[in-house]
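Please open the model in your viewer and keep the sequence panel beside it, since this tour moves from one selection to the next.

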Amino acid sequence: MEIPEIPERVTRIVSLPGRGLLACDVRGGLHRLDHDLTLRRSSGLPAVAQDPAGCPVYGVALVGDWIITRDKTGTICRWHADTLRLADRLDARATADRSLLLEGEQPSPTMLRGIGVWNGKAYVDNGYFQVVVLDVETFAVERIVPWPHGYDMLEWFCTDAPGVHAVADRHGCVHLGSLEEWSFPTTVRIDTSNVHRVVYDARHHRFWAIGDAGIGDTHNVSNGVVTIGLDGTVDQRMHFARNDVEGLVFSPDFTTAYIGGFDGELLLFDNTTPELTVRKRVTGFSHQIIDVTIDEEGRVYTLTQDGEITALSPEGEMLHRLGYSRQCVWDLRPLPGDPTTVLAATDDGTAVVRLDTRGEHARLDLVDEYHGAPGFARRAEPCGDDRVAIFWPDTVRRFTADGTTVWEARLPGIVHTVSVSPDHGRVLVACNAGGFEFDAATGRQLLHVDDLPASAWASAYLPDGRRVLGCRTGRLAAYDESGSVSWETELESYPKRLLVDGDRLCVTGGGGVKELVVGEDKPRRQFVELLDNTAENCALIDGTMCVVTYGMQIAAYDHGSGELLALHEDLPDFPKGMTALRGDDGRAYVVVGGRGGYLRLYRLDRSGEGPVLTVLRDLWLPRSSGARPFPAAAGAAQL
């Protein structure tokens, strides 16, 4: 008998004591798995059944026989824990104290994970960043109140410590106080970004909290875990990560802490003594870790960004893996010589799609695929008639259109972006170990830029051949032939991608899209209005700057004035790749690709006679074969 699979990408995993493992998906559905990761039951219709796209669930809490969830829009639901049947649903647009809202204000989509439970009440951020207090048994709304510390996004609640509750927000703070009294007099700033978890350590009577970006001298350089006394005193800090730290759980006896994040490692901490000590690092995961949970027997479960769930023993030995067929469109680049044909970087390798505007209905056609990748392709670039791509976690490869490898190199760190020089003679890779330049013909290393303040996250070439590297700290610099800095500036936020158009450089990342002119110190333009979360990518056509974000948004701005022209918040999943095309019909089109393997085609129209962005259709790439080798226990490195 064929074993059923979860049909959509999983966004959260939570242990259900006595019942197994709960998985929430990107369409708003719930699924229960046993300890071997076999699917036993699904909820059927998502909570937002009237919306075919659904809404991803991030906030989850188990309370007795009930499961309470919060989705991206702020809709709050209650489900039967045994049957996963939906029992109650509070629409985000209606569940608010409207006296506190601006005229016409709508829910703000946000990926908040925290739901507080105490003394029969549940505390949940609604879609307006007010807190809804619910009676768990009746699901009656008892009151809706503002957060005492002002308008903020509450990411995590911890009510396990004796006499004090902890609430973490998205701005690096942990607040200590009482949910019942709705008072949090003690605030501790431990990070400059998300605090995804605050967990009570019953062995040493303290809190552990994890951060995304670091603070002070370590801001956007390194981050990790902080221990905090119940009175708010910061005890120890350990910085071990170059990227977001997402999950933290303790073993049932509190002798071991398990922490995972975007570096793709699970760290096992020895908690038998108060000193923060890493006992083991487990590697070999398919992608970045976005969630960690543990069951009553001490088995640990990790969820990675691609939707894969792995079960591990208490010592980090990999036991089982969920059979999930992933797909993602990471990057989109027009191929030279044909402005309607696009190279896509995918979870399988690369694909080629073509815009067809014949007839009345424009569409995208899949015309070619390359599946010989050592891992998923984060970025791909045309290089003459060949392609150059980087593959997770550490490989750069040049290969022909039919998939023949020309050369390949492995780097000493996670790779983030790759660029090809204007003359197709050089290749530049940004990775955690700096910037690496290679001869495009032979793969011979030409340059290593290693005197960077942090990981290199973005790369580009200027028209004159100079190399540009953007660091996670926000430092942006151009390098000449000798590797000397010829121009630099501070972005004051981290970069994700660099797009070059003449002497103009567009930088996506924290703070929206910033447009700079090479040689100048400050951005000339910034596109950020109403953007939620990181700006992942952008495209400029017909005087219109189009931007996609990690909040599943696409926005269009007038390039000259910066005026917001359109905003849509209904992308099927996280957007990654983006490009603008000119069809044979002369019209402008924008293509967005992302997780799940979708390619959404928009028509752009600045005539004023209709919408600026019109969705025409979606093309979904075939799912990955899923034939990835099971990570060996040898991936567990003893320290």
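Select Thr357 together with Asp585 in this predicted model, and you will find that the side chain of Thr357 reaches the backbone nitrogen of Asp585 at 3.5 Å. Keep Thr357 selected and add Asp584, whose backbone nitrogen lies 3.3 Å from a polar atom of the Thr357 side chain. If you now trace the chain around Thr357, you will see that this residue sits in the loop between strand S31 (350–356) and strand S32 (363–370). Thr357 has a relative accessible area of 10%, and because buried means under 20%, Thr357 counts as buried. Leaving out residues up to four places away in sequence, Thr357 touches Ala362, Gly583, Asp584, Asp585 and Tyr589.

Next, select Thr110, which is placed in the loop between strand S8 (86–90) and strand S9 (115–118). Is Thr110 buried or exposed? Thr110 is buried, with a relative accessible area of 2%. When neighbours within four places in sequence are set aside, the residues in contact with Thr110 include Arg70, Asp71, Lys72 and Asp532, and Phe129, Met153 and Arg170 are also among its contacts.

Finally, turn to the cysteines, bearing in mind that the structure holds 0 disulfides. Select Cys24, which is in no disulfide, and then Cys77, whose sulfur is the nearest cysteine sulfur to that of Cys24, at 11 Å. Cys24 counts as buried, at 0% relative accessibility. Select Cys546 and Cys538 as the last pair: the closest cysteine sulfur to that of Cys546 is in Cys538, 9.3 Å away, and therefore too far for a bond. Cys546 likewise counts as buried, with a relative accessibility of 0%.

Definitions and conventions:
Residues numbered from 1 in each chain as written. Predicted model: local features only at pLDDT ≥ 70, side-chain atom pairs only at ≥ 80, totals over all residues. Heavy atoms only, no water. Helix = DSSP H or I, 4+ residues; strand = E, 2+ residues; numbered from the N terminus. Buried < 20%, exposed > 50% of the residue type's maximum accessible area, 1.4 Å probe, protein only. Contact = heavy atoms within 4.5 Å. Polar contact = N/O pair within 3.5 Å; in protein donor to acceptor, adjacent residues only side chain to side chain. Disulfide = S-S within 2.5 Å.
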